[in-house]
Amino acid sequence: MTSYLARRAAQAIVVVIGVTILTFILIHLIPGSAARAALGVHATSGRIAIFNTAYGLDKPLYAQFADYVGQLLRGNLGVSYTTQQPVSALIAQRLPGDVLLLGVSTVLAVAIAIPMGIYQAVKRSRLSDQLLDAVSFTLYTMPDFFVAFMLIALFSVQLHILPPEAPQATGIAGLLADPRALVLPIATLTLSNLAGFSRYMRASAIDVLAEDFLRTARAKGLPERLVLVRHVLRNSVLPVVTVVGLTFPNIIAGAVIAEAVFSYQGMGLLFYQAATSHDYPVLLGSTLIVGAATVVGSLAADVAYGLLDPRIRHGRG
Amino acid sequence: MRTPRRLAAAAAAAAVIGLAACSGSGGSSAIGNGAASSATGQKVQGGTATLAWPDGSAPNLIFPLAPATNTNGYNANLTQLMWPYLVYDGDGAQSAVNPQESLFSSLTYGNGDTTITIKLKPWKWSDGTPITSRDFTFVYNLLKANVPNWVVYTPGLFPDDVKSVATPSASTIVVTLTRSYNADFYTDNVLSQIPLLPQQAWDKESAGGKVGNYDETAAGAKAVWAFLQKEGSDLSTFTTNPLWKVVDGPFTLASFSSDGDYTYAPNKNYSGTVPALSRVVNQVFTTDTAEMDALRSGTSLTVGTLPQNDVGQVATLKSEGYDVVNQPIPGAAGTLLNFYNAKTGPLVSQLYIRQAMEELIDRPQIVSKIFQGYADPGDGPVPVQGFGQWVSPLEKQGGPYPYDPAKAVSLLKSHGWQVTPSGTSVCQAPGTGPAECGAGITKGEPLSFQLLYSSGTASVDEAQAAIQSSEEQGGIKITLKSEPFATLASVIGQCTASSHPASTCGWQLVDFGYDPYQLDPTGNTLFNTGGANNLGGYSSPEEDALINETEYGSSAQTFYTYEDYTAEQLPWLWGPLPSQIDVYKSGLGGFAPLNPFRGSINPEDWYYTK
């Protein structure tokens, strides 16, 4: 396992370096001037020159890349062209909100989707399965923002019992200080994730329920509850682990629609704003962080596979 | 408030939900004109007002003199309530200087308008020391040594045009200029950008250093500037750094969050009228929709803005205890023309073509149908609403080119065009004669343009579509393309006769929204040859002479002459300028009359009533 992890970690570093190079090249292929985007339409040539010198944009591309790699090696992600703040500070400011909101909603969605999927598989084609199917299909087809607006219209505008905004504080402690404001954004993201996870879980559990080893377990007199927990759950959860692992980068990358609707400034909006304003350092920094999160999520899913299924042992042959 | 295009669908859905949610609600849907606040009752001390700000409005510099690389206009919103300008622009709803809140007691122009004698009020800094003429020289020395690295620097103006500054007393400043100016222009547009800064607290080169007179040498002024820029950009110390605790405005900063939310508390030692409110909270919303949801759900939000497309929500907002007022925006609005685009430059260089294009824009209909009546008609360079004495009789009467499709078609035909309504007109008679298409226009050339505009606002989309549609009546084909503002800015540069590189001069027509005016709606930088904001390269010696006359001459009539000439010559195609629609708690007194030159942000005048 150790050698496997070391090998995957080395692969991860290569992937992240590749992502960095590719992103750097692609960003610089975008037509238009970063200085003009940052300084606005009335930027004089003098101001543009000052800006380009200040940010090294007057150097050849290879020199800019060398500078960027140099500062990365010193742990410096650069300074945003538009906010004039260190990119690391911007990410540190935005990340806690996303980790809390998306992390909690993902955990909740998984916690509900797993029993729901197994239940539907066991009750396959019965009325309860069909009702839950209808609910999950409805949620699956609804865009995030629509779910959010429905919840806001009901609980904020009509009933006035929950605020329509996420907590406005920064930092985990500040966010948790206003728990009522967390309810609607977390509910929206949970409902959006739930539909997908439960569909995977149901399909996987149906496959497992058809396996011979379950018939054997039941023939041996194993109670149905233990059959479901020890055999169905453990075997059917594997595909969901993959999906959840691939969801991990979303927790870091943010959810731009939910951020927009619930007015919290997360990584999604940071990336969107950077993309529309040619803010290269923020784009590169965000991509690097999300790229690393993707690699980590994928690795975590692989490791979890090994732990859940004894037949899978990484690092042998 | 601009919103990303991809969120437009979300906004539309929100509007639908909003309409469903408010069905059956009664109440008036009238929007006030902002002449007076609706609050009645006795003024009380204390209370918190919470203002909504749009996404991207987070300030990032607290030092009031921003460097050239920092164009974040929201920094001024943060700082002007703590370090007000020498001249306070806007007096209630009037485009006039506010004498109560300005820092001077008198401004006298002499020697043929080449010297200005400024008498300061006997006001004090929050640390108890008096505001003196030395504070002015401190600012002047910093700017003189660090220009052009000052974001509002205009070459030739302050401090370039200052021959000398004398301080005959602690309360008197005599500024000698290198040339004479129109006094209104200089007071309204130049001195209104100069704050006074506390020399006795800020004239330092390092945090641990002592206060001195470092600004009196160029090297020292550069060091002080660098130090203050560095300290001023550290968001984490905005409320703790001793530098920023010394203010002369009505407020001090009580809290600041790096995501842009911040809170003011009254400056208890303010020499003017100390604000009644005990807290002013500034809160950033990521979208218009999020802000609207907050308003409709009856949260603590006190002041917000209503997107034009949500005017239908007024009755609901009123039922939640808000009032709604219309605030005209002081700015020039319209479509910029690129006179140096290789393909379309020769077309727009012809006045008759610009004239036909203008006569095909149904401005009154756009105002009434798309902006619900809450927009300036855009009949020329100066908005009719909000500028009172600056608006010429011609503009008041609808401008030189009212909507007249028949006249436009006739004009094109008389210049050799085969006009194809709903198609594309083509030049039939090339040449430079009076009945021919004009210089540089070839036979068969189509009247076809691409119009770029800033994306993210549904009402603006509709207005551009209306222009596209009405231009078709004259066979003028407009292809619309919307982009985020920053994307447009990144590819659009200034095009002049001497420089029009393809990379930044490939655009044909562009509409950025509007260019803001200060108190004096000068055409300098917008329409003069080589003006920094004259992106399309319009050039006319007569226009230049008239603009110069408005800045340097002394006749009030000159401005109307300039204004009418500009309206007729169409350096831009004039278009409507939508108003800002403000929403405020009906118990908030002092909110109106609105001051359009400060974006309605006058919390020093606000109070609650009982």
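This text walks through a predicted model, from chain A to chain B and the contacts between them.

Start with chain A. It has 15 helices and zero strands. Its C-alpha atoms fill a box of roughly 85 × 60 × 35 Å, taken along the principal axes. Of the 317 residues in chain A, 40% are buried. Consider contacts in chain A between residues at least 6 apart in sequence. Among these, 70% join residues at least 24 apart.

One helix of chain A deserves a look. Helix α5 of chain A covers residues 87-122, which makes 36 residues. At 1.5 Å a residue, α5(A) should span 52 Å. The C-alpha atoms at its ends are 50 Å apart, so the expected and actual spans agree. Still, α5(A) has a bend of about 30 degrees at Leu95(A). A proline, Pro96(A), follows within four residues.

Now turn to the strands of chain B. Strands of a sheet pair through backbone hydrogen bonds, either parallel or antiparallel. An open sheet in chain B has three strands, in the order β1-β26-β25, and their pairing is antiparallel. In chain B, β1 (43-44) and β25 (588-589) stand at the edges. Each has a single partner strand, so one side of each is left without a neighbour in the sheet. Two bridges link β25(B) to strand β26 (residues 607-609) of chain B. Across this pairing, Gly589(B) stands opposite Tyr607(B).

Next come two hairpins. In chain B, strand β5 (residues 104-110) pairs with strand β6 (residues 115-120) in the antiparallel sense, over six bridges. Thr108(B) faces Thr117(B) across the pair, standing opposite it. Four residues lie between these strands, and Asn111(B) takes a positive phi near 50 degrees.

The other hairpin joins strand β9 (residues 251-256) of chain B to β10(B), with five antiparallel bridges. Here five residues lie between the strands, and Gly260(B) in the turn has a positive phi of about 110 degrees. β10(B) also pairs with strand β11 (residues 279-284) of chain B, running antiparallel over three bridges. Tyr262(B) appears in both pairings. It stands opposite Phe256(B), and it also stands opposite Asn282(B) in β11(B).

Which side chains of β10(B) are buried? Tyr262(B), Tyr264(B) and Pro266(B) point to one face and are buried. Thr263(B) and Ala265(B) point to the other face and are not buried.

Further along is helix α7 of chain B. Nine of its nine residues are buried. The buried residues include the charged-name set Asp288(B), Glu291(B), Asp293(B) and Arg296(B). After α7(B) comes Gly298(B), with a positive phi near 70 degrees.

α7(B) also leads to the meeting of the chains. In total, 46 residues of chain B are in contact with 47 residues of chain A. On the chain B side, α1 (8-22), α7 (288-296) and α15 (485-491) each supply at least two residues. That side divides into 22 nonpolar, 20 polar and four charged residues.

Finally, look at the core. In soluble globular proteins, nonpolar side chains tend to be buried together. The largest nonpolar core here has 238 residues. Ala148(A), Val261(A), Leu142(B), Val324(B) and Val510(B) touch the most other members. Helix α9 (residues 179-209) of chain A gives the largest share of this core, twelve residues. Leaving aside residues up to four places away in sequence, Val510(B) touches Thr335(B), Leu336(B), Leu452(B), Tyr453(B), Leu488(B) and Ile492(B).

Key
Residues are numbered from 1 along each chain as its sequence is written. Chains are lettered from A and ligands numbered from 1 in the order in which they are written. This is a predicted model: local features need pLDDT of at least 70, side-chain atom pairs count only at pLDDT 80 or more; totals for chains, interfaces and linings use all residues. The expected span of a helix is 1.5 Å times one less than its number of residues. The bend at a residue is the angle between axes fitted to the seven residues ending there and the seven starting there. Two strands pair if DSSP finds at least two bridges between them. Two residues are in contact if their C-beta atoms, placed from the backbone, lie within 7 Å. A residue is buried if 20 or more other C-beta atoms lie within 10 Å of its own, exposed if 12 or fewer, and partly exposed in between; C-beta atoms are placed from the backbone. A nonpolar core is a set of buried Ala, Val, Leu, Ile, Met, Phe, Trp, Tyr and Cys residues joined through C-beta atoms within 7 Å.
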